[in-house]
Amino acid sequence: MTHKQSARELLSAAAVRDAARRMLRHAREERLIDWTVDDARLAPTADFVARVIRERYPTLDVPFHARWRHFVFSGRDLWREIESTHSWPDTAARARAAFDLAITSVLLDAGAGPGWRYRDALTGIEAARSEGLALASLRWFAAGGMSEAADDALRADAHSLKKLDASALHAAFQVDATNPLAGAEGRAQLLNRLGAAAESRPDLFATADVPRPGGLFDALVARAVNRSLPASMILDVLLDALGPIWRNRPALEGVSLGDCWPHPQGGFVPLHKLSQWLAYSLIEPLQAAGIAVHDIDGLTGLAEYRNGGLFLDMGALVPRDADAMTATHQVSDPFVVGWRSLTVALLDELAPLVRSRLGVSDEAFPLAKLLEGGTWAAGRVIARERRADGGPPLRIVSDGTVF
């Protein structure tokens, strides 16, 4: 097996799950340098998550964990309001626009920092963190801030994305000295690289239109069999298409590994958090266009600070060195890599426990619902109980492209 083949094997949801299980095995055998697992805390964690789900969704009608949830405020679906007033030539055009919005909005969603907020002039809504970032990106998109077409605002064209600069992002996200946004420069540069990637791969981004992120809709439709595809295929295409946009990431034989990091006891540990959340977010536009998506649990849980914080705050994950809780870490630090990978593995183990408490099957309640219902929400609840600012339990330096 060549190094390049090994690199490709790291670019899948299956690779994320395999590495996570390996890391969890090391932890349970007391062979992981930074972390131990307290299995006795999994049952109380499942109780807590099940309670949060029932409080938020009494009928258990939980949607998928996707960017679309962050466009809903007090029951108002702002994206649905926008798209319903637009004249679409066909369902494919609507899906490409939804892909454009989801891809750009997810890529802009890395942690905002505690001091940033967005005030929506149209509704008066004021929001922070992921919801604020979603609202800001939605309004920027809807205003035509990413479009080259004067008569079609609801698109993100590659050429426009390549030209965007930090000042445009600052204006769209209301950033100033009193409203700082973490990693603002990195976000703008990420969109620049997204535009460049779209132009460089017409086979993925421009089979039915000019180069744009939404062109990935057509690439996925082409891979569907009988208008159906597995959820893991969405991630496969995203990892192939978006690999060039990441900076300061490991690579093997010229292949960018993205959110995949070396660990002294686990080799390369793939996580692909942002790409997997994007994959979850593209399921609904595909379904709306008549493409069935199956095997949802082929994707994994997400290695981010709400899910990881849940296990840490509930005592299921325990750092070997208590001082690590107050130190500042890099995303690439083995301590952080281990924490994130163990989070993925424990989400797989938590899922059947929560389903049992709710009385639902795995088919009816895939990970995408557990995350939304769910572990992400429970992580936010427990964070507010543990810390006044509701922030993550660990201090991690972010360049605006991971969390």
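Buried means under 20% relative accessible area, exposed means over 50%, and partly exposed lies in between (1.4 Å probe, protein chains only). The model is predicted, so local features need pLDDT of at least 70 and side-chain atom pairs count only at pLDDT 80 or more, while totals for chains, interfaces and linings use all residues. Residues are numbered from 1 along each chain as its sequence is written, and side-chain values use heavy atoms, with hydrogens and water left out.

**Exercise 1.** Determine whether arginine 155 is buried or exposed, and find its salt-bridge partner aspartate 209 in the chain.

Solution. Arginine 155 has 10% relative accessibility and therefore counts as buried, whereas aspartate 209, at 27%, counts as partly exposed. A salt bridge (a side-chain nitrogen of Lys or Arg within 4 Å of a carboxyl oxygen of Asp or Glu) joins the two, with their closest N and O atoms 3.4 Å apart. This pair links distant parts of the chain, 54 residues apart: arginine 155 sits in the loop between helix H6 (129-142) and helix H7 (158-163), and aspartate 209 in the loop between helix H10 (202-205) and helix H11 (215-223). Helices here are DSSP runs (H or I, at least four residues), numbered from the N terminus. Salt bridges with shared partners join Asp100, Asp152, Arg155, Asp157, Asp209 and Arg212 into one network.

**Exercise 2.** State how far apart the closest N and O atoms of glutamate 81 and arginine 76 are.

Solution. The closest N and O atoms of this salt bridge are 2.8 Å apart. Glutamate 81 is partly exposed at 33%, and arginine 76 is partly exposed at 39%.

Technical notes:
Helix = DSSP H or I, 4+ residues; strand = E, 2+ residues; numbered from the N terminus.
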